[in-house]
Amino acid sequence: MIAMQRSRARSKSPARAKAPARAKAPARAKAPARAKAPARAKAPARAKAPARAKALARAKAPARAKAPARSKAPAGHQAPATSLSAREARQIALAAQGFGARPGEATLGHVRDLFDAIALIQIDSVNVVCRSQELPVWARLGVHDRGALPALCKRGAIFEYWAHEASLLPVEFQPLLRWRMADAASGAWRSVRGIAERDPGYVAAVRAEVHARGAIRARDLEDRRPPQKRKGPTSWWSWDDRKRALAYLFWAGEITATRSPTTFERIYAPFDRVLPAHVLAAPTPSPDDARRELLAHSGRALGVATVRDLADYFRITVPIARPLVADLVDAGHLIPVAVEGWREPGYLHAGAPAPRDVTAQTLLSPFDSLVWERRRTERIFGFSYRIEIYTPAAQRKHGYYVLPFLFGDALVARVDVKSDRAAGALAVHAAYAEPGAPPETATALAAELTAFARWLGLDRVAIGSRGDLARPLARALRAAR
């Protein structure tokens, strides 16, 4: 089968066609000085990753075998440790998630390489600011072609499937998720799998229609509802049988889908129209072998994590994940550590970057893999975060679509934002500073909002009056003009 390995070590970029010279990135507000991280011993060496398309044999993890001796590691990687400070854990997590200095202007290659670090990007139809899957790329790379993700899908480099939630991830992961596809009859949402239980003949007919046409949208199928029920807007929970049947076939891995660049609706197609032949021909690993490898990818993407964190990344249940994590420890891929302030044991990936100062200055999507597990976010950053889209307006604490602001290695503020396309403005309805936010927060956030608005094609940033950071933010924007 195809095994996914990183195309590059974290400390080095893969060999690529040389990008054109980039304009120097605009100066950013300087992050507050931080204490220097303690020196660490050198970390274990990692085997060089083969070319992406090359199939890699995956041996089963040894049954509680003794961890292999580790050779001396290249500089810049985490050494075996028994404990980490809270700050060290936070810095490791940020570096593992791809945060640091942004390139001046990211290429398609940069975007593809991002998946080697974080494995997947959650997608969502929310379009308050931009499509939510665009934000994690912006957060790590800054300015890039907004058509990068669709372009990678079109090239057969990434595809959509239920990995965390609906996610984009490298096509080489498809064999590792076949166990989930095989479990669709019992594992898919009840609202999706119900159609296969109630009317399997209709599902088979829809499958045949997709294969016959080659590409199809739900609305291209005949609507079986009575005419009086076809009027009015539809919501996710009021899907008709066409959408349910296609969604079930997608979950079951019998068809796949791409997204319309204009409407975001799924365009369903047979797998051989979307995925490369070498992926489809790859052998299917056993469910435990596949889940073990997914957990190893979780460890690499998170840097340091609890069993629950590792399991959540690919939505594997904790009881199933726990013994597989133990296998990874025995094989030397994960190192047990005690982390300051964590109640549960931590696991450090053997190739995790060493703690270092982080120069990040960015807004985060609510669905970013850095913050999507809210308990982990609170544990690592001391940042209590809830998405309030579905909360009645009168009961919202911070706003409708609130984005955290990462500055250095801390989440220091949050803003309720919306793209007002008619007015050409990025509207900041509210801005709140976190306790202990440094004095430079307003200036740094103003610079980030201005750059973000420009990338979205908006002319200006408009600041509302709500929140303790609103006035300082407005002053910082005026001063920067």
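A119 counts as buried, at 5% relative accessibility. Before going on, note that this is a predicted model. A119 sits in the loop between α2 and β2. Its phi is near 75 degrees, which is a positive value in a residue other than glycine. For background, most residues other than glycine have a negative phi.

R315 also has a positive phi without being glycine, in this case near 55 degrees. Its place is in the loop between α12, residues 307-313, and α13, residues 318-330. Buried or exposed, or in between, for R315? R315 is partly exposed, because its relative accessibility is 35% and the partly exposed class lies between 20% and 50%.

Now the chain as a whole. It has 16 helices and 14 strands. Of its 481 residues, 54% are buried. If we take contacts between residues at least 6 apart in sequence, 71% of them join residues at least 24 apart.

Next, the cores. In soluble globular proteins, nonpolar side chains tend to be buried together. The largest nonpolar core here holds 82 residues, and the ones touching the most other members are L246, Y313 and F314. Helix α9 gives this core its largest share, seven residues. What does F314 touch, once residues up to four places away in sequence are set aside? The list is A119, L120, A163, L169, F173, R180, L294, H297 and S298. So A119, where I began, is on the list of F314 contacts. Apart from this core lies another one, of 36 residues, including F367, V417, A446 and L473.

Staying with α9 for a moment, A252 lies in the loop that runs from α9, residues 241-251, to β5, residues 256-259. A252 is buried, with a relative accessible area of 13%. Leaving out neighbours within four places in sequence, A252 is in contact with M181 and A184. A252 and A185 are 67 residues apart in sequence, while their C-alpha atoms are 7.7 Å apart in space.

After that loop comes a hairpin. β5 and β6 form it, with six residues between them. The two strands run antiparallel and are joined by four bridges; β6 covers residues 266-269. Within the pair, A257 stands opposite Y268 of β6. In the turn, F264 has a positive phi of about 70 degrees.

On to helix α3, residues 134-141. How many of its eight residues are buried? Eight of the eight are, so α3 is largely enclosed by the rest of the structure. The buried residues include E134, W138 and R140. What do they pack against? The partners are α2, β2, α4, β10, β11 and α15. Just after α3, G142 takes a positive phi of about 75 degrees.

Two of those partners, β10 and β11, bring us to a sheet. Strands of a sheet pair through backbone hydrogen bonds, either parallel or antiparallel. This sheet is open and has five strands, in the order β10-β11-β12-β13-β14, with mixed pairing. Why do β10 and β14 each have a side without a neighbour in the sheet? They stand at the edges with a single partner strand each, so one side of each is left without a neighbour there. From one strand to the next, the twist averages 30 degrees.

Inside the sheet, β12, residues 410-420, pairs with β13, residues 425-433, in the antiparallel sense over eight bridges. One detail of the pairing is that S419 has L426 of β13 as its bridge partner.

Helix α16, residues 470-480, lies across β13 and β14 and runs at about 155 degrees to β14.

Last, the contact between α15 and α16. Two packed helices are described by the angle between their axes and the distance between the axes. For α15, residues 441-455, and α16, the axes come within 8 Å and cross at roughly 65 degrees. The crossing is right-handed. From α15, the contact is made by A442, T443, L445, A446, L449 and T450, and from α16 by P472, L473, A476 and L477. By type, the contact residues divide into eight nonpolar, two polar and no charged. Two of the contact residues, A446 and L473, are also among the members of the core of 36 residues.

Definitions and conventions. Residues are numbered from 1 along each chain as its sequence is written. This is a predicted model: local features need pLDDT of at least 70, side-chain atom pairs count only at pLDDT 80 or more; totals for chains, interfaces and linings use all residues. Side-chain values use heavy atoms; hydrogens and water are left out. Two strands pair if DSSP finds at least two bridges between them. Axes are lines fitted to C-alpha atoms, for helices over the stretch in contact, and angles run from 0 to 180 degrees between N-to-C directions. Contact means heavy atoms within 4.5 Å. Buried means under 20% relative accessible area, exposed over 50%, partly exposed in between (1.4 Å probe, protein chains only). A crossing is left-handed if the near helix is turned anticlockwise from the far one by less than a right angle, and right-handed if clockwise. Ala, Val, Leu, Ile, Met, Phe, Trp, Tyr, Cys and Pro count as nonpolar, Asp, Glu, Lys and Arg as charged, and the others, Gly among them, as polar. A nonpolar core is a set of buried Ala, Val, Leu, Ile, Met, Phe, Trp, Tyr and Cys residues joined through side-chain atoms within 4.5 Å.
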